[in-house]
Amino acid sequence: SSGINAEGTGSSGINAEYGTSIGSCIQGGGACGAYSETCKCGVHKNGGCLINAAAPANTACKCLYHGFPYYDCSPEVTSCGVYFTETCHNPDTTVDSCLQGGGNCAGYKEHVDVY
């Protein structure tokens with residue numbers, strides 16, 4: 001049985017309030033590399049990164065720009081800059097979600113001054 005006992009943990013000993021999601025792992029500062037959930041970043045035609053696929057719930061997508069000779073953006077699922085916001089709990093591909101991750105959001109420069 002996987003019920004919650006008097007100590008607030010399930011039969012596995014994991015605190016039932018927090019669970020085992022990547023968001024819980026990242027918020028707890030764990031080593032979260034084994035999780036398969038990710039986000040995707042791409043390069044805007046004028047340079048800078050954009051989020052192409054949103055991060056998992058309760059996390060943020062940090063886009064890292066790699067210039068010459070690659071001109072590419074790589075994603076990293078990270079903790080939210082401001083946790084108690086809609087873009088943290090339900091991330092999407094908007095500039096607000098990108099800013100949560102604290103990475104390169106220069107691909108959104110027509111929407112916000114990110115320099």
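Select Cys80 and Cys88 to begin the tour: these two residues form a disulfide, with their sulfur atoms 2.1 Å apart. If you look along the S-S bond of Cys80 and Cys88, the torsion is about 85°, so this disulfide is right-handed. Both partners are hidden from the surroundings, since Cys80 is buried and Cys88 is buried as well. Keep in mind throughout that what you have open is a predicted model.

**The whole chain**

Now show the whole protein and colour it by secondary structure, which will reveal three helices and four strands. Following the chain along its sequence, you will meet these elements in the pattern α-β-β-β-β-α-α. Of the 115 residues in the protein, 32% are buried, and the accessible surface comes to about 6900 Å², of which 51% belongs to carbon and sulfur atoms. Among the contacts with a separation of 6 or more, 42% are between residues 24 or more positions apart.

**Confidence**

Next, colour the protein by pLDDT, whose mean is 81, with 79% of the residues reaching 70 or more. Select residues 1-16, where the pLDDT is below 50, and note that this stretch has 16 contacts in the model beyond near neighbours in sequence. Where pLDDT is low, the predicted coordinates should not be read in detail. Among the helices and strands, confidence is lowest in helix H1, residues 22-27, at a mean of 80, and highest in strand E2, residues 49-53, at 97.

**Two further disulfides**

The structure holds five disulfides, and after the opening pair you can turn to Cys39 and Cys61, which form a disulfide with their sulfur atoms 2.0 Å apart. This pair links distant parts of the chain, because Cys39 lies in the loop between H1 and strand E1 (40-43) while Cys61 lies in strand E3 (residues 60-66), 22 residues apart. The link of Cys39 and Cys61 is right-handed, with 80° about the S-S bond. With a relative accessible area of 1%, Cys39 is buried, and Cys61 also counts as buried, at 2% relative accessibility.

Select Cys98 and Cys105 next, which are joined by a disulfide with a sulfur-to-sulfur distance of 2.1 Å. Is the link of Cys98 and Cys105 left-handed or right-handed? With -100° about the S-S bond, it is left-handed. Cys98 is buried with a relative accessible area of 0%, and Cys105 is buried with 3%.

**The nonpolar core**

Which residues have the most contacts inside the largest nonpolar core? They are Ile51, Cys61, Cys63 and Tyr108, in a core that has 18 residues, and Cys61 is the residue you have already met as a disulfide partner. The elements that give two or more residues to this core are H1, E2, E3, strand E4 (72-78) and helix H3 (95-101). To see the surroundings of one member, centre the view on Cys63, which touches Cys41, Cys49, Leu50, Ile51, Ser74, Gly103 and Asn104, not counting residues up to four places away in sequence.

**The hairpin of E3 and E4**

Show strands E3 and E4 by themselves, and you will see that they run antiparallel, joined by seven bridges. The two strands form a hairpin with five residues between them, and in the turn you can select Tyr71, which has a positive phi of about 45°. Then select Ala60, which stands opposite Thr78 in E4.

Is Thr78 buried or exposed? At 16% relative accessibility, Thr78 counts as buried, because the cut-off for that word is under 20%. Leaving aside its neighbours within four places in sequence, Thr78 is in contact with Ile26, Thr59, Ala60, Lys62 and Gly101.

**A stop in helix H3**

For the last stop, select Ser97, which lies in helix H3 and counts as buried at 2% relative accessibility. Leaving out residues up to four places away in sequence, Ser97 touches Ile51, Cys61, Thr87, Pro91 and Asp92, and of these Ile51 and Cys61 are among the residues with the most contacts inside the largest nonpolar core. Finally, draw a distance between the C-alpha atoms of Ser97 and Lys62, which are 35 residues apart along the chain and separated by 9.3 Å. Lys62 also appeared earlier on the tour, as one of the contacts of Thr78.

Notes: Residues are numbered from 1 along each chain as its sequence is written. This is a predicted model: local features need pLDDT of at least 70, side-chain atom pairs count only at pLDDT 80 or more; totals for chains, interfaces and linings use all residues. Side-chain values use heavy atoms; hydrogens and water are left out. pLDDT is the predictor's confidence in each residue, from 0 to 100. Contact means heavy atoms within 4.5 Å. A disulfide is a pair of cysteine sulfur atoms within 2.5 Å. Buried means under 20% relative accessible area, exposed over 50%, partly exposed in between (1.4 Å probe, protein chains only). A nonpolar core is a set of buried Ala, Val, Leu, Ile, Met, Phe, Trp, Tyr and Cys residues joined through side-chain atoms within 4.5 Å. Two strands pair if DSSP finds at least two bridges between them. Accessible areas come from the Shrake-Rupley method with a 1.4 Å probe; for residues, only the protein chains shown count as cover.
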